[in-house]
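Please work through the exercises below with the sequence and the model side by side. Try each task before reading its solution.

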Amino acid sequence: MSKIPHKVNSSTSLISSNALRVEETILTESSPAETVVNGTEPRDSPVTTRFVEYTYVLCGITVLFGWNAIITAFSFFAEVFKGTSFENSFRNIFSLAFTFVGLIASVYSLSTQNKGNYEKRVIIGFSANIIIFLMFSAFPYMTFIKGPFAFYFCLILIILSSVFTGISQTSINALASMMPPSCMQGMMSGQAIAGLISSITQLVTAYLTSKKGSDTAESDTISKLSPGLKLRTMACFLITAIIVIVSTLMFMKLKGTQLYKDLINHSAEEERTAQEAILAIQGETSSDIESANVPKVASKPQEIFKTLLSVKHYAHAVLLSFIVTLSMFPSLTSQVTSVNGKLGVSYLVEWHFVLFNAGDYIGRFLAQFVQNFTDWIFYFVSSISNAVTLGFLSRRDRVISLDRDFVYVWFMVIFGYLRWLFLPVFMKSNLSCKVESADVITSTLNQSSTLLNSIQDTGVSILSRVSSLKSADLLNYSSSSDIWFLFAILLLGITGGFIASCVMIVGPRTSINPPLAGSILGFFILFGLAVGSILSFLVTYLSC
C-alpha cells in the first residue's frame with residue numbers, strides 16, 4: 001500500500017479540540033460573568049466498521065498478551081527454578097528485564113519513527129513474537145533444559161519478546177491515535193482481554209488437570225513437574241501464539257483496505273482544518289497557512305519535547321497508574337497463599353490473576369463513557385468553584401480560569417495517588433514469607449511446650465485460655481482474608497484500567513501532534529512498568 005500521508009508540522013498544528021478551546025476562550029472573555037462550558041459536538045469523522053474496531057482490539061490483545069502469559073505462568077517457573085539461586089528472585093528479574101528492555105526499544109522506536117514505517121514495524125514485531133511464544137509453549141517438555149540454564153533460556157526469550165513488543169507497541173499507539181476514538185478504546189480493551197484470556201486458560205486447565213497432591217508435590221527438575229502444570233503452561237503460550245497469528249493476518253488485511261486509507265487521510269485533513277481555524281482566529285493570512293506546511297528545521301528531539309509538554313499531565317497520570325500497579329502486582333500479590341479455611345480459595349494465585357484482569361477489562365470498558373465522565377467532573381468542580389466564589393470572593397474572574405481538560409486530567413492524577421491505599425491491604429494479607437515466619441514461631445512454641453507441664457495447674461489454665469483466645473481471633477481474621485484479598489485485587493484492576501484508558505483516549509487528541517503524543521504516552525506506560533518493577537523489590541522486602 002502507499003505510505004501514510006504526512007501530516008502538517010507538529011509545531012504549528014492543532015487538532016479540532018484545540019480550536020474549540022480557542023473559541024471557548026473568546027466566548028469566556030466576552031462574557032466574564034459566567035463559567036463557559038464547551039458544548040460543541042466534535043467534527044464528523046468517517047464511520048468505522050466492526051472489522052476495523054475488532055482489528056484494533058486484537059492488536060491491543062497482541063501487544064500485552066505475551067507478558068500476561070509470562071506472569072500467569074509464574075507458578076510453573078517457580079517449580080522449574082526450585083532449588084536454584086533464582087527461586088525467590090525470578091519474578092522481579094523477569095519483570096525488570098521485560099520492562100526495561102521494552103523501555104529502551106520504545107525510546108529507539110520513538111526517536112526513529114516516521115509515518116512510512118508504522119505498519120512495517122507492527123508486522124515485524126508481531127511475527128517475531130509468534131516464534132518466541134511457540135518456543136515458550138514447547139519449553140515445558142524440553143526436559144534437557146533445567147537448573148540455571150532454564151532460567152537464562154527463559155530470560156533470553158523474555159528480553160527478545162520485550163524488544164519486539166516495544167517496537168510494535170509504539171507504532172500501534174501512533175496509528176490508533178490517528179483513528180477515531182473507538183479504535184483506541186478497542187485497543188485498550190484488547191490489552192485487558194489479553195490478560196483475561198491467558199489467566200482464565202491457566203485457571204481452567206488447573207481445575208481440569210488437577211490430581212490429589214499433584215500441585216503440592218515438590219520437584220527439583222523440569223522432568224518431575226506434574227503433567228497438569230506442564231499442560232496448562234503449554235496451552236497458555238500456544239493460545240498466545242495463535243492469537244498473535246490471527247492479529248497479524250487481520251492487520252495485514254486492514255492496511256490494504258480503502259477504508260483504512262480514508263480514515264488516515266481524514267485524520268490529516270482534520271488537523272489541517274483545525275490549524276486553519278486557529279490561524280484565522282489569530283488573524284493570519286492564507287500565505288501563513290500555506291507556510292505552515294513547510295517542514296521546519298527543528299530537530300526530532302525538539303518536536304518530541306514540544307509534544308510532551310502538551311500532554312505532560314496525561315503522561316503524569318498514566319505513569320503513576322502503572323507504577324502503583326507494578327509495585328504490587330504480581331511480585332507481591334502472587335506470594336499470597338490461601339488460608340485453606342472455610343472461605344479459603346483453591347488455586348488462589350490463578351484466581352487472583354483472573355480477577356485482576358477482569359477488573360482491568362471492566363475499567364477499560366467504563367472508559368468508553370469518558371466524555372460523560374468528563375462533563376460530570378467539570379460541572380461538579382465548576383459548581384463548587386461558583387459557590388466558593390459567590391460566598392467568599394468579590395471577583396468572579398477566577399472561576400473563568402477553569403479548564404475542562406485541566407480539571408479532568410488532575411482528577412485522574414489524584415485518583416492515581418489514592419491507589420497507593422491498596423498497599424497496606426496486600427501487606428496484611430496471608431503472604432507466604434510471613435507464613436514461613438509464623439511456622440517458625442509456632443514450631444518454637446511447640447518445642448518449649450514441655451516446660452509448661454511443670455507450671456502449676458492454675459497457671460496452665462490461664463495460659464491455655466489466653467492462647468485459645470488469640471488463636472480464635474487469628475482464625476476469625478484469616479478465614480475471610482482470601483475473599484478480601486480477591487476483592488482488593490479486583491478493585492486494583494478496575495481503577496488501573498480506567499485511568500490508563502481514559503488517558504490514552506483523551507490525551508493524544510488534546511495534543512499538537514496526536515500520533516507522536518500516542519507514542520509518547522505509550523512510552524510512559526512502559527516507563528511506569530519499569531519504575532514499578534524496581535519498586536516491587538522494595539515493596540516485597542518491606543512486606544516480608
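The exercises go from the whole chain to single helices, a helix pair and some individual residues.

This is a predicted model, in which local features need pLDDT of at least 70 and side-chain atom pairs count only at pLDDT 80 or more, while totals for chains, interfaces and linings use all residues. Residues are numbered from 1 along each chain as its sequence is written, and side-chain values use heavy atoms, with hydrogens and water left out.

**Exercise 1. The whole chain**

Find how many helices and strands the protein chain has, and what share of its residues is buried.

Solution. Begin with the secondary structure, where helices (H or I, at least four residues) and strands (E, at least two) are DSSP runs numbered from the N terminus; the protein chain has 22 helices and zero strands. Next take burial, where buried means under 20% relative accessible area, exposed over 50% and partly exposed in between, with a 1.4 Å probe and protein chains only; of the 544 residues, 52% count as buried. Finally turn to contacts, meaning heavy atoms within 4.5 Å: among those between residues at least 6 apart in sequence, 87% join residues at least 24 apart.

**Exercise 2. Two helices and their spans**

Compare the reach of α6 with its expected span, and do the same for α7.

Solution. The expected span of a helix is 1.5 Å times one less than its number of residues. Helix α6, residues 147–177, has 31 residues and reaches 45 Å from its first C-alpha to its last, close to the expected 45 Å. Helix α7, residues 181–209, has 29 residues and reaches 42 Å between its end C-alpha atoms, close to the expected 42 Å. As a last step, look at how they are covered: in α6, 23 of the 31 residues are buried, and in α7 the count is 21 of 29.

**Exercise 3. A pair of packed helices**

Describe how α12 and α22 pack, and which classes of residue form their contact.

Solution. Two packed helices are described by the angle between their axes and the distance between the axes. Axes are lines fitted to C-alpha atoms, for helices over the stretch in contact, and angles run from 0 to 180 degrees between N-to-C directions. Helix α12 (residues 312–328) and helix α22 (residues 514–543) pack at an angle of about 35 degrees, with their axes 7 Å apart. On the α12 side the contact includes Tyr314, Phe322 and Leu326, and on the α22 side it includes Phe524, Gly528 and Leu535. By class, the contact has 15 nonpolar, five polar and no charged residues, where Ala, Val, Leu, Ile, Met, Phe, Trp, Tyr, Cys and Pro count as nonpolar, Asp, Glu, Lys and Arg as charged, and the others, Gly among them, as polar.

**Exercise 4. Helix α2 and its distant partners**

Which residues does Ile71 contact, leaving aside its neighbours within four places in sequence? Follow the same step for Thr72.

Solution. Ile71 lies in helix α2, residues 50–72, and is buried, with a relative accessible area of 3%. Beyond its sequence neighbours, Ile71 is in contact with Phe329, Pro330 and Phe353. Thr72 is also found in helix α2 and counts as buried at 5% relative accessibility. Beyond its own neighbours, Thr72 is in contact with Ser198, Ser199, Gln202 and Phe353. The C-alpha atoms of Thr72 and Cys236, 164 residues apart along the chain, are separated by 8.4 Å.

**Exercise 5. Backbone details in a loop**

Inspect the peptide bond from Phe329 to Pro330, and then the phi of Tyr347.

Solution. Most residues other than glycine have a negative phi, and most peptide bonds are trans. The bond from Phe329 to Pro330 is cis, with omega near 5 degrees, and Pro330 lies in the loop between α12 and α13 (348–366). Tyr347, found in the loop between α12 and α13, has a positive phi of about 55 degrees although it is not a glycine.

**Exercise 6. Cysteines**

How many disulfides does the structure hold?

Solution. A disulfide is a pair of cysteine sulfur atoms within 2.5 Å, and the structure holds zero. Cys183 is in no disulfide, and its nearest cysteine sulfur, that of Cys59, is 10.0 Å away. Cys183 counts as buried because its relative accessibility is 0%.
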